[in-house]
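Q: Hi! Got a minute to walk through this model with me?
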Amino acid sequence: MPRRFHTAVVRAHLEQTERHGRCPREPYAREVEHAHGVRRFELECSGWHASRWTKDVTAPETAALVQAFIDATLAAPEGGPSPGPAMG
């Protein structure tokens, strides 16, 4: 998978898995920095108790998330729904 898509895979994973406290809402994630093999994302939840925080994702973590996405996509039945980026 071309590197230009890696940010989207990581962003989708964070939106599906990260929460602040017990908030059930999916936050919005955006990459704010990419330096020295670390992608820094800012996550924001606009729920009842709005919150903003950052999450760093290392190059090995990014590679694992991208590999899990590719594996899940290849394992999905043809013509079926596409798996989410956080599968794996």
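Q: Is Phe5 buried or exposed?
A: Phe5 is partly exposed, because its relative accessible area is 38% (buried is under 20%, exposed over 50%, partly exposed in between, using a 1.4 Å probe and protein chains only). Do keep in mind that this is a predicted model: local features need pLDDT of at least 70, side-chain atom pairs count only at pLDDT 80 or more, and totals for chains, interfaces and linings use all residues. Residues are numbered from 1 along each chain as its sequence is written, and side-chain values use heavy atoms, with hydrogens and water left out.

Q: Thanks! What about Glu15, which side chain of opposite charge is nearest?
A: That is Arg11, 4.7 Å away. Glu15 is buried yet has no salt bridge (a side-chain nitrogen of Lys or Arg within 4 Å of a carboxyl oxygen of Asp or Glu; Lys and Arg count as positive, Asp and Glu as negative, while His and the chain ends are not counted).

Q: Switching topic, what is the strand order in the sheet?
A: The open sheet has 3 strands in the order β1-β2-β3, with antiparallel pairing (strands pair if DSSP finds at least two bridges between them; strands are E runs of at least two residues, helices H or I runs of at least four, numbered from the N terminus). The edge strands are β1 (28-35) and β3, each pairing on one side only.

Q: How many bridges join β2 to β3?
A: There are 8.

Q: And which residue is the bridge partner of Cys45?
A: Ser51, in β3.
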